[in-house]
Amino acid sequence: IMSERTLAIIKPDAVGQHLVGAIIQCYEKAELIPIGMKLMRLTKAQAEGFYYVHKHRPFYDSLCSFMSSGPIVVLALAGVNAIQRHRDLMGATDPAKAAEGTIRKAYGTDIEHNAVHGSDSPESAQFELGYFFSALEWPQR
Ligand code: ADP
Ligand code: MG
């Protein structure tokens with residue numbers, strides 16, 4: 001499979017625990033190379049737009065409040081089979097069920113405050129990258 005791009009978010013729990021550097025190191029060690037990166041704070045409406053696919057889930061309101069509760073770091077990562085390899089590196093949604101060596105096992109707190117987000121398919125990666133990055137922002141590298 002060719003090199004592809006995926007969207008990662010270091011969530012407010014992890015930024016608040018000063019884990020930005022440690023988590024970016026995990027990406028780089030796994031050859032998921034940052035090609036876009038920004039520190040920002042979402043409004044609740046912006047979080048709702050990002051997570052609209054979960055609109056009917058019971059955790060949607062709480063999730064969007066959490067995601068707008070503090071700064072996040074949004075990254076575009078590039079690499080071979082990046083979407084699936086990034087999901088594997090993140091681990092299961094619930095940190096208690098995440099495998100040893102995964103980011104959520106190491107840094108997640110609970111099923112909501114689980115340190116990181118990652119696109120789960122080519123379709124979601126396209127939507128999510130476009131939600132945060134414009135075509136003009138991609139560096140030539
Ligand atoms: P993932 O982030 O692993 O793709 P989902 O897409 O199912 O997981 O859920 C999006 C986010 O919503 C999760 O990362 C987590 O922060 C939160 N979440 C998921 N399930 C629950 C739940 N049962 N209770 C509270 N928050 C949840
Ligand atoms: Mg998901």
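## Cysteines and the ligand site

At a relative accessibility of 21%, C26 counts as partly exposed, because the buried class is reserved for residues under 20% relative accessible area. C64, by contrast, has a relative accessible area of 0% and is therefore buried. These values belong to a predicted model, in which the number of disulfides is 0. As a general reminder, a disulfide is a covalent bond that joins the sulfur atoms of two cysteines.

The other part of this report concerns ligand 1, and a reader may begin by asking which residues lie around ligand 1. They are K11, H54, F59, L63, R87, T93, R104, I111, E112 and N114, and this shell divides into 3 nonpolar, 3 polar and 4 charged residues. The space that ligand 1 takes up is the largest pocket of the model.

Three of the residues around the ligand place an atom at a listed distance from one of its oxygen atoms, as the table sets out.

| Residue | Atom in the residue | Partner | Distance |
|---|---|---|---|
| R87 | polar side-chain atom | oxygen atom of ligand 1 | 2.9 Å |
| R104 | polar side-chain atom | oxygen atom of ligand 1 | 2.9 Å |
| E112 | backbone N or O atom | oxygen atom of ligand 1 | 2.9 Å |

R87 and R104 thus approach the ligand with their side chains, whereas E112 does so with a backbone atom. On its own, ligand 1 has 520 Å² of accessible area, and the protein covers 80% of that area.

Conventions:
Residues are numbered from 1 along each chain as its sequence is written. Chains are lettered from A and ligands numbered from 1 in the order in which they are written. This is a predicted model: local features need pLDDT of at least 70, side-chain atom pairs count only at pLDDT 80 or more; totals for chains, interfaces and linings use all residues. Side-chain values use heavy atoms; hydrogens and water are left out. A residue is near a molecule or strand if one of its heavy atoms lies within 4 Å of it. A polar contact is a pair of N or O atoms within 3.5 Å; within protein, one must be able to donate a hydrogen and the other to accept it, and residues adjacent in sequence count only if both atoms are side-chain atoms. Accessible areas come from the Shrake-Rupley method with a 1.4 Å probe; for residues, only the protein chains shown count as cover. On a 1 Å grid over the protein atoms alone, a cavity is a set of points where a 1.4 Å probe fits but cannot get out, and a pocket is an open set with protein on both sides within 12 Å along at least five of seven lines; lining residues have an atom within 4 Å of a point. A molecule sits in a cavity or pocket if more than half of its atoms lie within 2 Å of its grid points. Ala, Val, Leu, Ile, Met, Phe, Trp, Tyr, Cys and Pro count as nonpolar, Asp, Glu, Lys and Arg as charged, and the others, Gly among them, as polar. A disulfide is a pair of cysteine sulfur atoms within 2.5 Å. Buried means under 20% relative accessible area, exposed over 50%, partly exposed in between (1.4 Å probe, protein chains only).
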